[in-house]
Amino acid sequence: MHKEFFMKDKVAVYPGSFDPITYGHLDILHRGLELFDRVIVAIANNIEKKALFTVDERKELIRQSVNGGDNVVIDSFNGLLVQYVKDVGARFVIRGLRAMSDFEYEFQMASMNRNLNPDMDTLFMMTSKDYFFVSSRTIKEVASFSGSVEEFVPPAVAIKLKEKIRKR
């Protein structure tokens with residue numbers, strides 16, 4: 001085997017809206033870090049979705065939630081995920097699954113991505129039993145009715161959620 005084979009970092013992209021990041025997202029990220037040398041948390045900048053937080057706010061909330069480390073890169077992208085993965089020199093994509101309905105959608109996307117880039121692989125990870133019912137959308141909804149979300153999101157996220165909703 002060539003020396004380069006052993007020196008190459010295994011890099012994965014963990015894409016999502018992360019609006020906001022939850023403990024479910026962080027669970028998938030930490031488990032991904034056990035498999036890969038570096039994980040790029042890539043915020044999809046989808047202008048068709050009305051996000052509560054700006055991309056820069058989401059980057060900062062993720063940064064505060066991850067506790068540093070050179071093995072986590074926080075970035076954002078526009079356009080196709082396959083192009084972004086190619087641009088950053090990765091081969092793998094990590095996706096978290098909560099339910100069967102997630103699998104159907106994610107399987108279709110992974111199949112299309114694989115068709116567009118045969119060198120790209122998607123790794124599906126089941127969300128921990130403690131967070132399988134948590135989504136960013138439900139977190140925003142609960143917070144908008146003054147419900148407690150502290151056990152589902154990092155402290156910085158809970159504080160920012162309250163501030164954002166109060167301003168609305």
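## Close-up views of a predicted model

**View 1. Thr-127 in its loop.** In this predicted model, Thr-127 sits in the loop that runs between strand β5 (121–126) and helix α6 (136–144). Although it belongs to a loop, Thr-127 has a relative accessible area of 13%, and because buried means under 20%, the residue counts as buried. Leaving aside neighbours within four places in sequence, Thr-127 is in contact with Gly-24, Asp-27, Ile-28 and Arg-31, with Gly-96, Leu-97 and Arg-98, and with Phe-132.

**View 2. Helix α2 and its surroundings.** Helix α2 covers residues 23–33, and eight of its eleven residues are buried, so the helix is largely enclosed by the rest of the structure. The buried residues of α2 are Gly-24, His-25, Leu-26, Asp-27, Ile-28, Leu-29, Gly-32 and Leu-33. Among them, Gly-24, Asp-27 and Ile-28 are also in contact with Thr-127, the loop residue of the previous view. At the start of α2, a side-chain oxygen of Thr-22 comes to within 3.2 Å of the backbone nitrogen of Gly-24.

**View 3. Ile-43 in strand β2.** Strand β2 takes in residues 38–44, and Ile-43 is found in this strand. Which word fits Ile-43, buried or exposed? Its relative accessibility is 0%, and therefore Ile-43 counts as buried. Apart from residues up to four places away in sequence, Ile-43 touches Gly-16, Ser-17 and Phe-18, then Val-55, Arg-58, Lys-59 and Ile-62, and also Asp-75, Ser-76 and Phe-77. For Ile-43 and Phe-77, the separation in sequence is 34 residues, while their C-alpha atoms are 6.3 Å apart in space.

**View 4. The whole protein, as a setting for the close-ups.** The protein has seven helices and five strands, and when it is read along the sequence these follow the pattern α-β-α-β-α-β-α-β-α-β-α-α. Its radius of gyration is 16 Å, which agrees with the value near 15 Å that a compact globule of 168 residues would have, and along its principal axes the C-alpha trace spans about 60 × 35 × 30 Å. Of the 168 residues, 41% count as buried. Among contacts between residues at least 6 apart in sequence, 75% join residues at least 24 apart, and the pair Ile-43 and Phe-77, 34 residues apart, touches in this way.

**View 5. The surface and the charges.** The accessible surface of the protein comes to about 10500 Å², and 53% of this area belongs to carbon and sulfur atoms. The protein carries 24 positive and 23 negative charges, and the mean positions of these two sets are 3 Å apart.

Definitions and conventions. Residues numbered from 1 in each chain as written. Predicted model: local features only at pLDDT ≥ 70, side-chain atom pairs only at ≥ 80, totals over all residues. Heavy atoms only, no water. Helix = DSSP H or I, 4+ residues; strand = E, 2+ residues; numbered from the N terminus. Buried < 20%, exposed > 50% of the residue type's maximum accessible area, 1.4 Å probe, protein only. Contact = heavy atoms within 4.5 Å. Polar contact = N/O pair within 3.5 Å; in protein donor to acceptor, adjacent residues only side chain to side chain. Rg over C-alpha atoms; globule rule 2.2 N^0.38 Å. Areas by Shrake-Rupley, 256 points an atom, 1.4 Å probe, with all protein chains shown as cover. Lys, Arg positive; Asp, Glu negative; His and termini not counted. Charge placed at Lys NZ, Arg CZ, Asp CG, Glu CD.
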